[in-house]
Amino acid sequence: MPDFKIALRLFARDWRSGELRILMVSLLIAISGLTTIAVIVDRVDRGMSKETSQILGADRVIRSPRPILDATLKEISALGLNRSDSIRFRTMVIAGNEFQLASVRAVDLSYPLAGELRISDTPFVQGKPAKGAPTTGNVWVSPRLLQALNISINNQVEIGVQRFTISGIIETEPGNTDFISFAPSLIMALSDVPATKVIQPGSRVAYHYDFSGSEAALLQFDQWCKTALSASERVIGAEENSPTVQSALGRARNYLNLAGLLGLLLGSVAIAIVSNRYVRRHFDHAALLRCIGMKQNHILYIYSLVLLFAALIGTTLGIILGYFLQQTAITALADWLPEKIPSANSGAVGLGYIAGVLVVAGFSLPGLLRIRRVTPMRILRNDLVPLPVSAWISIFSAITALGLVMWRYTLDIKLVSVVLLGGILLTAVLSAFTRLLLRFLRKVSRSVAMPVRFGTGHLLRHREATLIQTAAFSIILTLMLTILLVRNELISDWQKQLPPETPNHFVINLPPADTQAFREFLLTHSITPGEIYPMVRGRIVEINDKSVAQVFGEHYGQQHNSLRRELNLTWSTTLPKSNQILQGGWQTSNKNGISIEQEMADSLNLQLNDTLTFNIGSLTTKGTITSIRKVEWDSFEPNFYVIFQPGKLESFGATYISSFYLPLEQKIILNGMLQKFSSISILETDRILQQVRNIIRQASIAVEFVLIFVIAAGLIVLLSTTYASLDEKEYEAGVLRTLGARNRTIFLCIISEYWLLAMLAGIMATFASESIAFGLYYFVFKIDPVLHGWLWWLSPIAAILLIVPAGVFGVRSIVSTQPVRILNKN
Amino acid sequence: MLTVSQLCKTVTTTNGKLTILDDINLNLKQGESLAVSGPSGSGKSTLLSLLAGLDTATSGSILIHNTDITHLSEDGRAEFRARHVGFVFQSFHLLPTLTALENVVLPLELKGSTDAIEQANKLLFEVGLSARSDHYPNQLSGGEQQRVAIARSFASNPDLLFADEPTGNLDTKTGKQIIDLLFDLNSKQNTTLILVTHDNNLADRCSRNMQLDSGRCINQDSYA
Ligand SMILES: Nc1ncnc2c1ncn2[C@@H]1O[C@H](COP(=O)(O)OP(=O)(O)OP(=O)(O)O)[C@@H](O)[C@H]1O
Ligand SMILES: [Mg+2]
């Protein structure tokens, strides 16, 4: 293996002389950036998942209509998860002459596995944290149940054949996010259930098995669930349980992934430029090797090895630095991040190596192929520069490398395709545009001062080099701007989604006659009433006059939520505020018309003009789909799958539903409200809302941090890009100096050149980032795209402020170096 | 016009101090020509760089037109070069990004000449390269590049022209053309010419001769 030794020696020599250092620095930036972001994203993401568990009360829940077999439970125990069993059922709770249907949770002593259970003595007052179940003979009840039964704490209630004492009032209970079962809740000990004799064969009971544990165990659990659960047993993860959190986390994840990708792209730009520079500077060396009899493929092999060594070392250092950086970041942000941040996975190491080697390979292949073509004649004629390989090969190899790394990183073909295709398209448009601008520049540059003309002339004469530099600068700027734009939209979208006065209480079962009085009640307490909707509960039984079982088979319930249970149906003359018509129109003229929600339409393959038959009580009614709506499920306002036109449902005896925002300090008025409107039920969502806000805030902080990191990486890459063009600049400055140019003149030349480059790059970058952001909003984040006027003037200015000083800083050494030194270097 | 006294240059290397030039003294009149010769590493290039103000001396003085350039600032020396000095290098040092014409125009523009292009064209004509004025250096042969470099060095109409082995990279015939050109312009513009050469014939054509060895002047004659 003499070639290997030659390569090793060449590597050692280039390492000492500093030739490879800049390549390593670029790799260091790219890989440490990628590693930092990948690890942070992963850790914060996992941390936020843990946080969502608090809402569910566990990491995973299995819900089953029958007790799960002991053997099965043993299998799960073997996975090393904590377990808490509970059963849920509805039953009448009786106090004297009053009775009320309650939603009962019979829990064991491990409840809750996550989140906080708080019990108080007085309704709507801050309670104390509690753990486990009430002691035998005692129950905890929600304020609504107390009110419905017209009793208070320490009174007795009957459940089945057993009497219980109310020993506490529930303030918050993890795991109760079921907005659909509007019955007030009651918590009792699991061991007390048999004595009540409530549960008989045929009773509708849900057996809940809560699990929590380490991520590894949960992963095994998820795997296990895929095969081991029967059709009637359903697993609920923390996130599926909360649509707002799910969508917020989904977007945050997309954003962070995107940021990681852009960081990688930034590094790639640097690596591309730097590896090219390395290869160029070795034409002479390659010519010498050819002269002394080395074959073309040997040259290729040796230089590939040298670059591979560099890639491996640079990547290793990058990964180490990346780990260090993310640890620092997590420590610094500890106060704002989820309480328990899981430790780092080793997955990022593999990702780092793959990315490092692939990117170096993809971006230096064109240069390597070129150095392979160096003729030995170059020893004699220095100007024999080997022809560059075809642009297609360069583009193809770079895109393949990037595509592979991005895919390995995100496992999201769609995101990768959007970024790559958009990138290619943009590059094509931009390079055409730059050519045009350069042509225009040529015309105007005739009549300016010498240094400016020199700088401009320099750009014009080197159209290809200028194009590449402009491209590099614009790509760097574009990436930074894109990440900034998307961050702005994301954060403002989140803020819009849950504005400070988001409704945090729902009222249901409001009798039609009381709606006006209810409104006034809220107004007298300075609370803004929300929309009030009528509500009728019904089940979809037929689609286009065929029963759902006929359409979707026995297990039609799996098709969509809307077939599994009774839906809240409403009617309205106007489209609810947060809804948006996607297909059809809001037709008030068609009395049979109904409007349905988009996801439901998709899952049930419903089209406009299809008819749905609903079972309401013992009666049925039909509607024809006239519009399909988008619904903001996470708006915390009453939302409906199906909205009828007025005139169709009134006869079914509707009650009304509404939502309103109640500040914490005013919660006590709920007691008065319940007294005044005795039939209503109040659902408190303020706790969940608080939790959701927390998670979104943490996601925002992760986003901000990553933004800063990407921008910083961008600046460093910008500097190293300018650094790569330094040799030439230095040499020119040296020659100018021997000819008697002053420093001022030299700097003016350099400034005007970079100024123009920056202008070009700034304009390009604005154009590019607007397009990319547009694509991302539309395809990935599903936010309404917008244009940003400010970008069009800010970005060129920012480009000039960044690039010109970077260029001047890069060549500042010229001032203090004797011209003879600079010339001797070449 | 050029008076050098007790010129020394030392550099600090990893092996301690290295004396490159040691006590050089020289006196030249306007229009004279000096050939500097000596073995490789004797300090010829260093001497030229110092005289042209491209490098700084450790001690001693260099008086040109009664100005001691060792006392000038970096920019002062640059300005001085722009007005008085031309330089021809062994490896040409043309800017690869400029055409032949633009390379010659450069010093004229630095001086602020209004008819820079005209003058540059004239100079290119004199070195016989009118037809190649739009070509880039890498499209020219070594001899042609050196002729452009000479045209450039004369563009600023210098009092002093330095040439460091101007023919070292060229074949004998082309080398002779280049030298003829140098002496031709030297006599036309009454320029003081200082050149480094290993060629005895060339040294003989100069009015003065100087030999360096290990940084010391071992033989300096002044006939003719
Ligand atoms: N910056 C420096 N640091 C260390 N040594 C230097 C430096 N500059 C020049 N030298 C040394 O000074 C000596 C003279 O160099 P110079 O280039 O002047 O020689 P020269 O006479 O022109 O040789 P040649 O005929 O080979 O061109 C050489 O030994 C060289 O290595
Ligand atoms: Mg020399």
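What follows is a walk through a predicted model, from its ligand site to its cavities and then to a few single residues worth a look.

Let us begin at ligand 1, where chain B does the holding in the places we will visit. The shell around ligand 1 counts 14 residues, and the nearest of them are B:S40, B:G41, B:K44, B:S45 and B:T46. Zoom in on the backbone here and you will find a run of close approaches to ligand oxygen atoms. A polar backbone atom of B:G41 sits 2.8 Å from an oxygen atom of ligand 1. For B:S42, a backbone N or O atom is 3.2 Å from an oxygen atom of the ligand, and for B:G43 the corresponding distance from a backbone N or O atom to a ligand oxygen is 2.9 Å. How much of the ligand does the protein bury? On its own, ligand 1 would expose 630 Å², and the protein buries 61% of that.

Stepping back to the secondary structure, three elements of chain B each give two or more residues to this shell: β1 (2-13), β2 (16-28) and α1 (44-51). The largest share belongs to α1(B), with 3 residues. In terms of residue class, the shell has 8 polar, 4 nonpolar and 2 charged members.

It is worth staying with α1(B) for a moment. This helix is mostly covered, since 7 of its 8 residues count as buried, that is, under 20% relative accessible area. The buried ones are B:K44, B:T46, B:L47, B:L48, B:S49, B:L50 and B:L51. Two names on that list, B:K44 and B:T46, you have already met among the residues that come nearest to ligand 1. Just past the helix, look for B:G53, which follows α1(B) and has a positive phi near 75°.

Now for the empty space inside the model. Rolling a probe the size of a water molecule over the atoms shows where such space is left. The structure has 5 cavities of 30 Å³ or more, and the largest has a volume of about 60 Å³. Which residues line this largest cavity? They are A:F454, A:K729, A:E732, A:A733, A:L736, A:I746, A:C749, A:I750 and A:E753. Two helices of chain A, α21 (726-738) and α22 (743-781), are the elements that give two or more residues to this lining. By class, the lining has 6 nonpolar and 3 charged residues, with no polar ones.

The second largest cavity, at about 50 Å³, takes its lining from both chains. Chain A appears with A:T738 and A:L739, while the residues from chain B are B:R81, B:A82, B:V85, B:G86, B:F87, B:P107, B:R152, B:S153 and B:S156. The elements giving two or more residues are α2 (74-84), β6 (85-88) and α5 (142-155) of chain B. Of these, β6(B) gives the most, with 3 residues. This lining divides into 5 nonpolar, 4 polar and 2 charged residues.

Let us finish with some single positions in chain A. A:N138 is in strand β6 (residues 138-141). Is A:N138 buried or exposed? With a relative accessible area of 18%, A:N138 counts as buried because this value is under the 20% cut-off. In sequence A:N138 and A:S167 are 29 residues apart, yet their C-alpha atoms are 5.8 Å apart in space. A longer stretch of sequence, 324 residues, separates A:H555 from A:A231, and their C-alpha atoms are 8.9 Å apart. A:H555 belongs to the loop between α16 (548-552) and α17 (561-564), and its relative accessibility of 49% makes A:H555 partly exposed.

Backbone geometry offers a few more stops. A cis peptide bond joins A:Y111 to A:P112, with omega about -10°; A:P112 is in the loop between β3 (98-107) and β4 (117-120) of chain A. Positive phi values also turn up in residues other than glycine. One is A:K197, with phi near 60°, in the loop between α5 (193-196) and β10 (205-212) of chain A. A:K197 is exposed, at 57% relative accessible area. Another is A:N609, with phi near 75°, in the loop between α18 (598-603) and β18 (611-616) of chain A. A:N609 is likewise exposed, with a relative accessible area of 60%.

Key: Residues numbered from 1 in each chain as written. Chains lettered and ligands numbered in written order. Predicted model: local features only at pLDDT ≥ 70, side-chain atom pairs only at ≥ 80, totals over all residues. Heavy atoms only, no water. 1 Å grid on protein atoms, 1.4 Å probe; cavity = no way out; pocket = protein on both sides within 12 Å on 5 of 7 lines; lining within 4 Å. Points joined across faces, edges and corners; volume = space filled by probe spheres on them. Helix = DSSP H or I, 4+ residues; strand = E, 2+ residues; numbered from the N terminus. Nonpolar A, V, L, I, M, F, W, Y, C, P; charged D, E, K, R; others polar. Near = heavy atom within 4 Å. Polar contact = N/O pair within 3.5 Å; in protein donor to acceptor, adjacent residues only side chain to side chain. Areas by Shrake-Rupley, 256 points an atom, 1.4 Å probe, with all protein chains shown as cover. Buried < 20%, exposed > 50% of the residue type's maximum accessible area, 1.4 Å probe, protein only.
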